[in-house]
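Here's a quick walk through some charged side chains and a pair of strands. Have a look at the model first, then read on.

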Amino acid sequence: KNFHEWNPKLIVNMTNGVTPRRWIDCANPELSSLITETIGEDEWIADLERIEPLQYSAEDTDFLKKWREVKRNNKKKLAHWIKENVGIDVPTDALYDIQVKRIHEYKRQLMNILYVIHRYLTIKDLTPVEREQVVARVICFGGKAAPGYHNAKAIIRLINCVAETVNNDAEIGDLLKVVYLPNYCVSAAEVIIPAAELS
């Protein structure tokens, strides 16, 4: 007999979705305040479906200006964190492309760093006039590898070697920065995730 038919309420499937209290209200208090101010109540923190009225502000220029300011402030916090923890200066007016998760071959960090190499070489081939059209990008990787997982450790080493080359190329400057975020954990994620624009 199917276990669910025997006791249908015993197992309830839950997904790893956004926890509004942790990942919006605590980790991103400026965004939380903006949402509350815009929809006129804070009940959404406990019931995310109540955020639905926010969609009507998608074309509101005042709201979008405030939204961008919140994102910029979060990017400033992350840039400061990176400087403190990694020693790299990153621009806050760049696109923040962030991939933070356990390091594993199937999680595509290797594909992403190969893309970074391609982007770097493409920028190198551009004329100074063409480079003016390039959107500056800060690409951050973070995560841990299992102690005996050689390939994952090799991926981390590759990321750091690429970062060393890219970040020290004066010709590229702030058009591309690569950062491996050390000791990725929930506390670090609370600074990293609110700054992400591409993930």
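A residue counts as buried when its relative accessible area is under 20%, as exposed when that value is over 50%, and as partly exposed in between. Keep in mind that this is a predicted model. With that cut-off, R131 comes out as buried, because its relative accessible area is 12%.

So what does R131 hold on to? Its side chain meets that of E171 in a salt bridge, at 2.9 Å from N to O. R131 sits in helix 6 (residues 128-131) and E171 in the loop between helix 7 and strand 3, so the pair ties together parts that lie 40 residues apart in sequence. E171 is partly exposed, at 43% relative accessibility. This salt bridge isn't on its own: K124, R131, D169 and E171 are joined into one network by salt bridges that share partners.

Now for K124 and D169. Their side chains also form a salt bridge, 2.9 Å from N to O. This pair again links distant parts of the chain, with K124 in helix 5 (residues 109-125) and D169 in the loop between helix 7 (150-167) and strand 3 (176-181), 45 residues apart. K124 counts as partly exposed at 27% relative accessibility, while D169 is buried at 11%.

Over to the strands. Strand 1 (residues 95-100) has 5 of its 6 residues buried, so the rest of the structure largely encloses it. It pairs with strand 2 (residues 137-142) in the parallel sense, over 6 bridges. One of the bridge partners to look up is C140 in strand 2, which sits opposite I98.

Which residue forms a salt bridge with D97? That's R137, with the closest N and O atoms 3.4 Å apart. R137 belongs to strand 2 and D97 to strand 1, 40 residues apart along the chain. Both of these residues are buried.

Here are the salt bridges named so far, out of a count of 11:

| Salt bridge | N to O distance |
|---|---|
| R137 and D97 | 3.4 Å |
| K124 and D169 | 2.9 Å |
| R131 and E171 | 2.9 Å |

Finally, the surface. D42, E43, D47, E49 and E52 form a negative patch there. D42 is found in the loop between helix 3 (29-39) and helix 4 (61-85). Is D42 buried, partly exposed or exposed? It's partly exposed, because its relative accessible area is 44%.

Conventions
Residues are numbered from 1 along each chain as its sequence is written. This is a predicted model: local features need pLDDT of at least 70, side-chain atom pairs count only at pLDDT 80 or more; totals for chains, interfaces and linings use all residues. Side-chain values use heavy atoms; hydrogens and water are left out. Buried means under 20% relative accessible area, exposed over 50%, partly exposed in between (1.4 Å probe, protein chains only). Helices (H or I, at least four residues) and strands (E, at least two) are DSSP runs, numbered from the N terminus. Two strands pair if DSSP finds at least two bridges between them. Patches are made of residues with over 30% relative accessible area and no salt bridge: like charges are joined within 9 Å, nonpolar side chains (Val, Leu, Ile, Met, Phe, Trp, Tyr) within 5 Å. Accessible areas come from the Shrake-Rupley method with a 1.4 Å probe; for residues, only the protein chains shown count as cover. A salt bridge is a side-chain nitrogen of Lys or Arg within 4 Å of a carboxyl oxygen of Asp or Glu. Lys and Arg count as positive and Asp and Glu as negative; His and the chain ends are not counted. The place of a charge is taken as NZ of Lys, CZ of Arg, CG of Asp or CD of Glu.
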